[in-house]
Amino acid sequence: MAVGAGLKSCTSAVETTNTFQLYGRSVTLIDTPGFDDTTVSDTDILKMIAIYLSTTYQNGHKLSGIIYMHRISDFRVGGISRRNFSMFRKLCGDETLRNVAIVTNMWGEVSPERGAAREQELRSDDLLFKQVLEKGAEMIRHDNTLESAQAILWHLVNKRPRVLRIQRELVDEGKDITQTAAGEELDRELAALAKKHMEQLAEVQKEMEEALATKDMETKKELEEVRNDLMKNMEKIENDRDRLSREYAEEKKRADAKMKEIETALEAEKESRAQRQIEIKRLTREMQENQRATTAQREEMRKEIQRLQNQPRRGFFSRIGHAIDSLF
């Protein structure tokens with residue numbers, strides 16, 4: 001998966017790993033962008049996540065665990081972090097919190113004492129993580145080691161898979177995306193942001209009138225630029241509120257068509273895998289029975305068996321992840 005090193009968001013689409021084995025369990029990791037992306041609007045992020053979750057659920061797949069990452073190095077939990085976590089809760093629903101791990105990372109950026117104090121504050125504050133921890137979520141440290149990462153996954157992989165709230169709303173209840181808890185939350189945020197811009201616009205308009213009265217043309221020009229930016233932002237917000245439902249329906253239809261292609265590809269891969277197994281068994285039997293084969297011939301057979309065994313396998317989650325990425 002891509003990992004960002006700068007200030008700009010790195011994950012701007014749903015990303016999936018190929019399925020791997022962990023302590024005898026098949027695991028696929030799914031990474032989604034947060035609702036504070038620097039390149040993609042919150043409307044597009046909600047739409048993207050909703051399409052992925054509803055499509056996978058329709059095809060019989062549920063999540064065993066959900067990980068919410070929080071940097072322990074953050075000096076405070078600001079408005080963006082609170083909004084991100086609020087949307088996370090609306091997507092998951094309280095009934096799935098037993099499958100949620102709040103994972104704190106960046107422990108190397110703080111002293112043990114300061115990190116522990118922040119961790120305690122996160123646990124005990126009603127406005128932070130206290131409520132979800134009381135309802136079954138767990139807070140786990142990630143110390144940037146392989147063993148720590150494996151321990152976090154092991155904590156989740158054996159849990160009973162659950163249906164997320166947005167999956168139930170979209171698939172089982174047949175709601176429009178704007179009627180889901182996450183959709184309503186996003187609309188409230190957009191409405192509050194539009195109201196804030198309206199107030200700012202009124203202030204700018206008043207300052208422009210004062211600048212005009214004093215013939216301060218330089219200030220008036222600067223204020224005009226601010227006004228134009230505010231009006232563009234307001235237009236974008238209104239457009240985001242209008243297009244969520246329409247574009248979700250259109251892109252979900254395309255995602256369903258992609259699913260049919262994926263099902264066909266998976267069936268073909270299943271057949272190909274069965275043929276490879278037959279070929280592996282044949283080569284293994286020949287190598288065991290043919291005692292007179294030269295060392296070079298036996299080595300060639302061994303390499304061919306290894307090649308057949310190591311052919312990469314892309315599972316359902318990986319395929320649907322790539323397919324949905326292509327829609328955006």
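## The sheet

Two strands count as paired if DSSP finds at least two bridges between them. In this predicted model, an open sheet of 3 strands runs in the order 5-6-7, with parallel pairing. On the edges sit strand 5 and strand 7 (138–141), each pairing on one side only. From one strand to the next, the twist averages 30 degrees.

Look at strand 5 and strand 6 and you'll find 6 bridges, in the parallel sense. I67 is a handy place to start, since it stands opposite A101 in strand 6.

## Helices across the sheet

Helix 3 (residues 112–124) lies across strand 5, strand 6 and strand 7, and runs at about 165 degrees to strand 7. Helix 5 (residues 146–157) also lies across strand 5, strand 6 and strand 7, here at about 160 degrees to strand 7.

## The main core

The largest nonpolar core takes in 45 residues, and L46, I102, F129 and I166 have the most contacts inside it. Among the elements that each supply at least two residues are strand 5 (66–71), strand 6 (100–105), helix 7 (181–213) and helix 8 (217–289). Helix 1 gives the most, with 8 residues. Domain 1 (15–40 + 63–162) and domain 2 (177–270) both chip in, so this core lies between them.

What does L46 touch? Leaving out residues up to four places away in sequence, L46 touches F35, M87, L91, I166, I177, A182, G183, L186 and L244.

## A second core

Apart from the main core lies another one, of 6 residues, including V204, M208, L223 and M234.

How values were computed:
Residues are numbered from 1 along each chain as its sequence is written. This is a predicted model: local features need pLDDT of at least 70, side-chain atom pairs count only at pLDDT 80 or more; totals for chains, interfaces and linings use all residues. Side-chain values use heavy atoms; hydrogens and water are left out. A nonpolar core is a set of buried Ala, Val, Leu, Ile, Met, Phe, Trp, Tyr and Cys residues joined through side-chain atoms within 4.5 Å. Buried means under 20% relative accessible area, exposed over 50%, partly exposed in between (1.4 Å probe, protein chains only). Helices (H or I, at least four residues) and strands (E, at least two) are DSSP runs, numbered from the N terminus. Domain bounds come from an automatic or database domain assignment. Contact means heavy atoms within 4.5 Å. Axes are lines fitted to C-alpha atoms, for helices over the stretch in contact, and angles run from 0 to 180 degrees between N-to-C directions.
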